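Please look over the sequence and the fold shown here before reading the notes on the nonpolar core and on one helix with the loop after it.

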Amino acid sequence: MKTFLLPVILLLIGLGASAQSSSSSASAVRRTSRTPAGATQQAATPGVSQRMQAHMDDTTGADDSEMQWMRVIYRSLDLDKAPNGSLYYPDEPVAGQDNMFRIIMKRMADGSLPAYEYLDGREIFTDEYRVKMRDILDRYYIPYTDAKGSTEKNPRFVIEEADIPSSEVLSYYIIEKWEFDRRSNRMRTRVEAICPVLHRTGDFGAEAVKYPMFWIRYNDLRPFIATASVFTDDDNNLASHTLDDFFTLGLYKGDIYKTRNMRNKSLMQLYPDPDDLAHARDSIQQRLDNYEKKLWVPSLEELAARRDSTAVTSEAAQKEPAKRVTRSSRGVKKSSAKPAKVKKPRQTATRSVRARKK
């Protein structure tokens, strides 16, 4: 009996040891599989979770290789215009709420938001053209101090609220992409990059000079403005939108100052005359708005509606000249049938009658 139980006990001990080794190896595999994710999270933008960054990247849609058509538009957003006031106000921090430029500067100061050199017509968002925050602060004479824990490799800065020149940033340049996605068969518009423009007046009070500061990729900025509530209408004092909604929904109003072209010229260079420039802007915007309408065959209901509108327009055009002719003919008849008469004085006629009777 003992000789029979001894092999069984040894077999059970061997099975337990193999199971323990397999579980430890599995846990080791799981740990090694988590290591790249942890490394990716450390390499991600500081202050933004990996989940949020992945969500923002997914909502940007397909890349350029999956597009059938694309048009790149450059716009200038004037903050003096009422629709763009959400980017400027509040000009001073109110209850922890900052405007667009203050959010950008604070995130750049703590190293969580990269910026790229402003190159007119050559926007390259690579590490080679990434600008250093210290150079930007020195270039535009913005006072700062080194933050605690700042190193040469990972610099951090502290900027006082009064030293952020948010009142001088009176416009923004944006790069806008109009795309037709062949996966979803629809048009969409998205903002690719944003450039704050500094309006600074000289010592002699001359006209303010515009200084485009740097480019910010919208995907890098989006996690920080997704929770920044703003007012978009004076009639509604409830901050029902965020800065991300402001750009995603296209609530801004801006003039087109350039389109991506082979000669790399702005519209002002192509059309020096102001009237030609305004006509070119309207023509570009109209082509963008009508592009999607020309892609699809209209339905029977749409064709019937077009015929009805055309018939109403033609009838109105035919009736309008007829009314004018009738009025003019009536005027002629009245003038010929009833000419104006000059009445004689009654006293003169009465005296002449009395003289005859006598």
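The briefing below covers the core, then the helix, then the loop.

This is a predicted model, in which local features need pLDDT of at least 70 and side-chain atom pairs count only at pLDDT 80 or more, while totals for chains, interfaces and linings use all residues. Residues are numbered from 1 along each chain as its sequence is written, and side-chain values use heavy atoms, with hydrogens and water left out.

**Nonpolar core**
- The largest nonpolar core (buried Ala, Val, Leu, Ile, Met, Phe, Trp, Tyr and Cys residues joined through side-chain atoms within 4.5 Å) has 41 residues, and Met100 and Phe247 have the most contacts inside it.
- Two or more residues of this core come from each of H3 (100-109), H4 (133-139), E4 (169-181), E5 (186-200), H5 (218-225) and H6 (243-248), where helices (H or I, at least four residues) and strands (E, at least two) are DSSP runs numbered from the N terminus.
- H3 gives the largest share of this core, seven residues.
- Beyond four places in sequence, Phe247 has contacts (heavy atoms within 4.5 Å) with residues including Met100, Ile174, Val191 and Tyr218.

**Helix H3**
- Eight of the ten residues of H3 are buried, meaning under 20% relative accessible area with a 1.4 Å probe and protein chains only.
- Among these buried residues are Met100, Phe101, Arg102 and Ala109.

**Loop after H3**
- Just after H3, Gly111 takes a positive phi of about 80°.
- Ser112, in the loop between H3 and H4, counts as buried because its relative accessibility is 2%.
- The side chains of Ser112 and Asp110 make a polar contact at 2.6 Å, that is, a pair of N or O atoms within 3.5 Å, where within protein one must be able to donate a hydrogen and the other to accept it, and residues adjacent in sequence count only if both atoms are side-chain atoms.

Key. Buried means under 20% relative accessible area, exposed over 50%, partly exposed in between (1.4 Å probe, protein chains only).
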